[in-house]
Amino acid sequence: MEPTQPDGAATLQARLHEPETAAALNRLLDRLDVLDRALAAAETAATQAPGMAAMFVDIADEAAARAQERGVDLDQRLHDALDLVERLTAPETTRVLKQLLDRMDRLEALLALADQAPGMAAMFVDIADEAAARARERGVDLDETLKRAGTLAGSATLALAEASATTPATPPRLGPFGLLRALRDADIQRALAFGLQFARAFGRALRRKG
């Protein structure tokens, strides 16, 4: 009577006789040299790991020493970096950053406008220089003109303050006839004449620049 094998041993023996198992074992045996090299490399790496770790520690220590010689406080830098990460990941910060990203197209338009600002400023400076040169040719005293401009600006400020103080919160509606009556006022006519003269002069300057 043959000895009875445990169920596990019988199962293992049955699997060893399966064609798939036999083929897998044959492939494994054919690659024993590759496995040997892999194991040897792993053993070498495990043997050299402490030395490599010590080398990296030495490199880090040397870098830290050089930084300290330059007056760099690495502990403070690390603390600041961690503080920055904490602030960047705060809910209110992420909310603001998300709003900025959602409005990126508007920000790009503003940046493009900012890039054009120096050219626009130069254009207005050229217009002012040309206007000043033409004024001198006509014998206009620019100093006196600037004084008058300052006086005019002060008058405009006073007029604005007076209008703000005297205009009711809900001003009465002004129809066409009311507007015609207002146009007969000498002060309004003087202000309109000045506005039209300014618009005409500024338009001429723009036309010459264009």
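Which helix gives the most residues to the lining of the second largest pocket? The legends below take up this question along with other close-up views of the predicted model.

**Figure 1. The second largest pocket of the predicted model, with the residues that line it.** The answer to the opening question is α9, which gives the most to this lining, with five residues. The volume of the second largest pocket is about 240 Å³. Its lining is made of Leu 152, Ser 155, Ala 156, Asp 187, Ile 188, Arg 190, Ala 191 and Phe 194. Two elements, α7 and α9, give two or more residues to this lining. Sorted by class, the lining of the second largest pocket has five nonpolar residues, one polar residue and two charged residues.

**Figure 2. The largest pocket and its lining.** The largest pocket has a volume of about 1100 Å³. It is lined by 24 residues, and those closest to its centre are Ala 131, Arg 138, Thr 145, Phe 198 and Ala 201. At least two residues of the lining come from each of α6, α7 (142–166) and α9 (186–209). Helix α9 gives the most to the lining of the largest pocket, with eight residues. By class, 15 lining residues are nonpolar, two are polar and seven are charged.

**Figure 3. The packing of helix α5 against helix α6.** Two packed helices are described by the angle between their axes and by the distance between those axes. Helix α5 covers residues 91–102 and helix α6 covers residues 104–137. The angle between them is about 65°, and their axes are 5 Å apart. Angles of 65 to 115 degrees count as roughly perpendicular, so α5 is roughly perpendicular to α6. On the α5 side the contact involves Leu 100, Leu 101 and Asp 102, and on the α6 side Met 104, Asp 105 and Leu 107. The residues of this contact divide into four nonpolar, no polar and two charged.

**Figure 4. Thr 94 in helix α5.** Is Thr 94 buried or partly exposed? Its relative accessible area is 38%, so Thr 94 counts as partly exposed. When neighbours within four places in sequence are left aside, Thr 94 is in contact with Leu 88 and Thr 89.

**Figure 5. Ala 135 in helix α6.** Ala 135 has a relative accessible area of 7% and is therefore buried, the cut-off for buried being under 20%. Thr 145 lies 10 residues from Ala 135 along the chain, and the C-alpha atoms of the two are separated by 9.9 Å. Thr 145 is also among the residues closest to the centre of the largest pocket, the pocket in Figure 2.

**Figure 6. Glu 62 in helix α3.** Helix α3 covers residues 32–69 and includes Glu 62. The relative accessibility of Glu 62 is 44%, so this residue counts as partly exposed. How far apart in space are Glu 62 and Val 72? From C-alpha to C-alpha they are 13 Å apart, and in sequence they are 10 residues apart.

Note on methods: Residues numbered from 1 in each chain as written. Predicted model: local features only at pLDDT ≥ 70, side-chain atom pairs only at ≥ 80, totals over all residues. Heavy atoms only, no water. Axes fitted to C-alpha atoms, helices over the stretch in contact; angles between N-to-C directions. Helix = DSSP H or I, 4+ residues; strand = E, 2+ residues; numbered from the N terminus. Parallel < 35°, antiparallel > 145°, perpendicular 65-115°, else oblique. Contact = heavy atoms within 4.5 Å. Nonpolar A, V, L, I, M, F, W, Y, C, P; charged D, E, K, R; others polar. Buried < 20%, exposed > 50% of the residue type's maximum accessible area, 1.4 Å probe, protein only. 1 Å grid on protein atoms, 1.4 Å probe; cavity = no way out; pocket = protein on both sides within 12 Å on 5 of 7 lines; lining within 4 Å. Points joined across faces, edges and corners; volume = space filled by probe spheres on them.
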